[in-house]
Structures are given as C-alpha cells and as structure tokens.
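Trainee: Could you show me how to read the strands and helices of a model, step by step?

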Amino acid sequence: QLLAHPPAPGHIAAIQRIDSVGIQIWTLSNGVRVILKPTTFDANDVQVTSYRDGGTSYAPDSMLVPALTALPMVSQSGLGPYDAAALKKRLAGTSVAGGGMIGPFGEGLWGRSAPKDLTTLFQLLYLQFTAPRLDSSVFEQYAATLRDAVAHRAVSPEAAFSDTLDVVLADHSPRVRLLDDAYLRELDRAKSLAFFKQRFADATGFTFVIVGAFMVDSIKPLVERYLGGLPAAGARSTWRDTGLRRPDGIVTRVVRKGKEPKSAVTLVFLGPADRSRRERAVLTALGEVLRRRLWERLRQELGGVYGVSVTTQEEVVPTATSLVTVSFGADPARLAELTHEVFATITHLRRAGPTAAELATYKAEYRRARESDVRSNAFWIEAIALYDQRGWPLADVPTADRLVESITIADLAAAARRYLDLSHYVQVSLLPETPAS
C-alpha cells in the first residue's frame, strides 16, 4: 500500500458499451472518462494511459522553461511522503512502472503492472495527480546535468544542426527554447512544481484508457476509488493557441560546424493535413514507399549513404499540418549530388506514383505487421487513444486494414503531389567548417 488513507470513491455515472470490439466507456461521477478493453494477450500485463488538452500552451513565454522542465524533475523526485529512494524501495518486488507527458498542447500520465499489482498501480496514479514533489537535491542535480549539456552542445555539430532545424520549423517562434545559458538562468524549482500542480491537480477533462489482463467487475472498485476519487473542480481545459506556425514557402539553411569530414541533410515537406482515417493511412503508405525508393536509389544504386530515414506526421493543432521528413548523412563531397537525387525521386513519384510492385510490397508488409500488432496490448491502447482523441468511432479500430487494402497507385500519386509540395519545404544541411585560408 502506497496510501495510508485511500480516497473516498466516486461512482460510475454512465456506461457506453461497444460490444463489437469489447470496449466499455465509463463516465465517473467526477467527470473523468475511462475506456476499458480487457484482453487475453498477456496474462501479466495491464496498461493505462491518460490524456487531456492543455500542456505547456498554458505557460506564458516567461514561464516556458519551468513548464518544459517540470515533468522530468517531478518524475525523479518520488511522490507524497516518499523521496525517490524511498519510493523505489516501496515498489520493490512489484511490476509497477509509471510516467507522464507534458507536450505543447496536451498532458497525461501512464502506468503498467501485472494484475496482482493493480492496487499499487492505481495508488501510484492517484499520487501522481494529488501529491507530486520536487526535491531540492533533484533540482540541483538536474541543473548540473543541463549545465554539462550546454557545454557539450556548444561544440557539437549535431546540436547546432538540430537547433537550427527546430528554430526554422517553428518560424523563429519564441515557443522554441534552445538549451543555452539563458535557458539555465530561467530554471526555477518552485515554478516548475507549481506548473505541474496546475496541470494535474484538477482531473476534469481527463480520459483514461485501460487495456490488458483484467476483468471489468474486478477492476471496477479500483477505478471508482482511485480515478473516481481524483479531485475535479470542473474547470474545462483545452489547448491555447500560442501563435506557433510552420514557415511558408521554401526555407534553406546551411550549418557549418565541426572538423570531421561528415555531413547531413534534413528535408521537411509541409502541407495540409486531412483529418480522416483514410488519408492518414495514405500518408503513412506514401512515407514507406518513398523510404524504400530512396534506400534503393541512394544506398543500393549510388552507394552514397548508410541509411535514409523517412517519417510522416500529422499535426492536428494549432493548425492541421502534414510533415514528411527525409534525413540522411553522407560524405560532404557527395551531399549536393545525393540531395539532388532525393528531389529527382520525389518529382518522379509525384508524376507517376508508385509501381504496382511497390504498392504490393507495402501492403504485404502491412499485413504481416498487422497480424502480430492486433494481438498486443500496446497496439490496442495506442489505437484507442488515437481514435478517441481524433473523434473516430472506436468500433472502426479493427477495420484499418481495409483502408490500406483500398489504397491505389492513383491515391499515392495524388498524395505525393499534396504532401510532397516542392514549393513548401524546409531544408537544413550540415557541413564541416570552411577551412581557414
């Protein structure tokens, strides 16, 4: 037991059942929503995640550094009457783990345990909301770690490269804070703890998703007591528009740093985002087709890279934006040549779309991954959280494979023209310092 005096329980005020996928949605008396999905995939695994709009958007620019550093410091400081060492000792012999997230526009906590440790898991979640702490020793150690990081980053080509990319992608917004001396000066233990409490002291608007090896009737008392017992004053939380926007047009930067004969480039293509499930599936497929084609061209045919990364992302807030990111490292003498090949490959994909063989390969790989994914708790908890936050019907989670199977060559050609916009991208290149003349 982590709590000497457990909270008074709430009760279930409303129940919605989605029998086709074995899901129940409870609305508790304090307004907290709980989505439950019992499974039989792993007899020793129960996973919990939670989310709500808000995040660091609630911090004014002057409070941004304390907001950004609140979670890492609080998470290292123990809970309630237990410092970090005492909490670790208290949890010894259990399978309980937990953590959290405070992002630009949302926050949440997560945890997992074996069924035998569920009471401890729920008490841990309750304490994270109601009894966070930020010890002075943790603050000093964290500040010292950041000071060392600042000194290292000052001479790091990779840090200069990533910092430039972050600043340019945010169109030089003050909401992007680089790790430098000014950042260190704004660290504030009291403000960080206050911000954490502001975001979690009132559970109004939170949704919890619970997936794994539990029986609904057995877990009900824990949900009612520890989630239904969370303080919830009814203050609605939503994300706040901080003015951060992506840049328009074409933006290119060259970073010259370091003596080593190595270079890298990152291209981020920016476009509109379609919030539908099908377009998300199409964008993901496009990214995989492009990744494979670039690998074959840059690595297999030209031998110019060890690897090439392609990722796709949709931002729902503050504006609906798609990002397709292409990154690779190369010999500085070949960087311009290989970057040209990336654009040539994209131009061809925009014009003709993928080949039938490329599309068939992607669908076959998707089927193989899907067969194992749907038999895991991780898949279900991520899918439920995504569908719920996007407002998609939870009953449609099992039908995602149909969306993928319906994708055509024409769909991907149109998606390439939409999401790989040659008039709207950011390009940041890293090259060694110019030798002194």
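Mentor: Let us start with one pair of residues: Asp53 stands opposite Gly106 in strand 6. Strands and helices here are DSSP runs numbered from the N terminus, a helix being H or I over at least four residues and a strand E over at least two. This is a predicted model, in which local features need pLDDT of at least 70 and side-chain atom pairs count only at pLDDT 80 or more, while totals for chains, interfaces and linings use all residues. Residues are numbered from 1 along each chain as its sequence is written, and side-chain values use heavy atoms, with hydrogens and water left out.

Trainee: In which sense do strand 4 and strand 6 pair?

Mentor: Strands of a sheet pair through backbone hydrogen bonds, either parallel or antiparallel. Strand 4 (46-53) and strand 6 (106-113) pair in the antiparallel sense over six bridges, where pairing requires that DSSP finds at least two bridges between two strands.

Trainee: What is the order of the seven strands in the open sheet?

Mentor: The order is 1-2-3-7-4-6-5, with mixed pairing. Strand 1 (12-18) and strand 5 (97-102) stand at the edges with a single partner strand each, so one side of each is left without a neighbour in the sheet. From one strand to the next, the twist averages 15 degrees, with axes fitted to C-alpha atoms, for helices over the stretch in contact, and angles running from 0 to 180 degrees between N-to-C directions.

Trainee: Which strands does helix 12 touch?

Mentor: Helix 12 (377-390) packs on the sheet and touches strand 2, strand 3, strand 4 and strand 7, contact meaning heavy atoms within 4.5 Å.
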